[in-house]
Amino acid sequence: MAVLAVVALCVYLIDQIAKVLVVSNLYEGQQLEVLGQLLQFHFVKNAGAAFSIGSGSTWIFSIVGIGVLGFVIWYAPRIRSTAWAVLFGLLLGGLLGNLTDRLFREPGFGVGHVVDFLQIPLLPAIFNLADVAIVSSMVLFLILTLRGVGLDGKRTDDEDEDDDAADADAEPAAADADAAAPAAPAAPAAPAADPRDDKPQS
């Protein structure tokens with residue numbers, strides 16, 4: 001739980017500080033090359049979801065974001081794996097970052113525009129650090145699922161091996177128990193027939 005909270009807080013603070021710096025130093029629509037064409041700052045205000053999807057439905061994404069946020073907080077105490085804690089921390093921090101924009105930025109509460117400023121050649125959309133955290137959590141989810149890692153940190157293969165080992169240990173124990181059990185007493189032999197009984201009567 002502590003790992004989840006720390007990761008979420010770090011993601012949230014880094015995202016919000018970056019957005020404050022962008023709004024303070026760039027004007028809307030401005031482009032600034034950081035690593036040539038590989039990475040550019042392009043300040044836009046997004047009324048939609050991650051990567052500028054669904055513009056014009058901000059209030060819907062605000063409601064969905066609050067719902068998902070509540071689910072993550074409710075589900076968090078079940079997590080016993082560090083990897084899953086990092087995953088949910090990334091997701092929680094990213095959701096909080098974009099939800100803060102939607103709730104408190106212009107043009108109004110619940111319909112605020114999210115600050116996006118990162119642009120790379122591989123993606124046509126412009127995004128922010130909160131989006132990066134959310135997508136990273138999804139990638140980590142796929143990795144953990146494919147590897148069979150549960151919320152308790154145990155892999156499904158390990159559990160199967162433990163079950164097989166337990167069965168293997170149980171078989172010799174059962175054999176030893178059978179060998180140690182006392183043998184049942186033999187049934188008494190039937191009395192021999194008296195040959196005089198076979199003689200014909202006169």
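# Exercises on a predicted model

Read along the sequence, the protein follows the pattern α-β-β-α-α-β-α-α. The model is predicted, and the exercises below work from its overall makeup to single residues.

## Exercise 1. Overall composition

Determine how many helices and strands the protein has, and what percentage of its residues count as buried.

*Solution.* Begin with the secondary structure: the protein has five helices and three strands. Next, take the burial: of the 202 residues, 32% count as buried. Turn then to the surface, where the protein exposes about 12800 Å². Carbon and sulfur atoms supply 66% of that exposed area. Finally, consider the contacts between residues at least 6 apart in sequence: 62% of them join residues at least 24 apart.

## Exercise 2. The sheet

State the order of the strands in the sheet, and explain which strands stand at the edges and why one side of each is left without a neighbour.

*Solution.* Step one is the order. The three strands form an open sheet in the order E1-E2-E3, with antiparallel pairing. Step two is the edges. Strand E1 (31-33) and strand E3 (114-119) each have a single partner strand, so one side of each lacks a neighbour in the sheet. Step three is the twist: on average, neighbouring strands of this sheet are turned by 25° against each other, direction ignored.

Step four examines each pairing in turn. As a general point, strands of a sheet pair through backbone hydrogen bonds, either parallel or antiparallel. Here, E1 and strand E2 (residues 40-46) pair in the antiparallel sense over three bridges. Within this pairing, Gln31 has His42 in E2 as its bridge partner. The hairpin of E1 and E2 has six residues between the strands, and Gly36 in that hairpin takes a positive phi near 65°. E2 and E3 also pair in the antiparallel sense, over five bridges. In E3, Asp116 is the residue opposite Val44.

## Exercise 3. Helix H1

Compare the span of H1 with the expected value, and identify what covers the buried residues of H1.

*Solution.* First, the span. H1 has 24 residues and reaches 35 Å from its first C-alpha to its last. The expected value at 1.5 Å a residue is 34 Å, so the two are close.

Second, the burial. The buried residues of H1 are Leu4, Val7, Ala8, Val11, Asp15, Gln16, Ala18, Lys19 and Val22. Their cover includes E2, helix H3 (82-104), E3 and helix H4 (129-146). Two of the listed residues, Asp15 and Lys19, return in the next exercise.

## Exercise 4. The salt bridges

Find how many salt bridges the whole structure contains, and establish which residues are joined into one network.

*Solution.* Side chains of opposite charge can pair when their charged atoms come close. A search of the whole structure finds three salt bridges, which may be taken one by one.

1. Lys19 forms a salt bridge with Asp15, with the closest N and O atoms 2.9 Å apart. The two residues are four apart in helix H1, so about one helical turn separates them. Both Lys19 and Asp15 are buried.
2. Lys19 also forms a salt bridge with Asp101, where the closest N and O atoms are 2.8 Å apart. This pair links distant parts of the chain: Lys19 lies in helix H1 and Asp101 in helix H3, 82 residues apart. Lys19 and Asp101 are buried.
3. Asp101 forms a salt bridge with Arg105, the closest N and O atoms being 3.0 Å apart. Asp101 has a relative accessible area of 0% and is therefore buried. Arg105, at 23%, is partly exposed, since buried requires under 20%.

To conclude, the bridges share partners and join Asp15, Lys19, Asp101 and Arg105 into one network.

## Exercise 5. A glycine in a loop

Locate Gly110, decide whether Gly110 is buried or exposed, and give the separation of its C-alpha atom from that of Ile60.

*Solution.* Gly110 lies in the loop between H3 and E3. Its relative accessibility is 12%, and because buried means under 20%, Gly110 counts as buried. Along the chain, Gly110 and Ile60 are 50 residues apart, while their C-alpha atoms are separated by 8.9 Å.

Note on methods. Residues are numbered from 1 along each chain as its sequence is written. This is a predicted model: local features need pLDDT of at least 70, side-chain atom pairs count only at pLDDT 80 or more; totals for chains, interfaces and linings use all residues. Side-chain values use heavy atoms; hydrogens and water are left out. Buried means under 20% relative accessible area, exposed over 50%, partly exposed in between (1.4 Å probe, protein chains only). Contact means heavy atoms within 4.5 Å. Accessible areas come from the Shrake-Rupley method with a 1.4 Å probe; for residues, only the protein chains shown count as cover. Two strands pair if DSSP finds at least two bridges between them. Axes are lines fitted to C-alpha atoms, for helices over the stretch in contact, and angles run from 0 to 180 degrees between N-to-C directions. A salt bridge is a side-chain nitrogen of Lys or Arg within 4 Å of a carboxyl oxygen of Asp or Glu.
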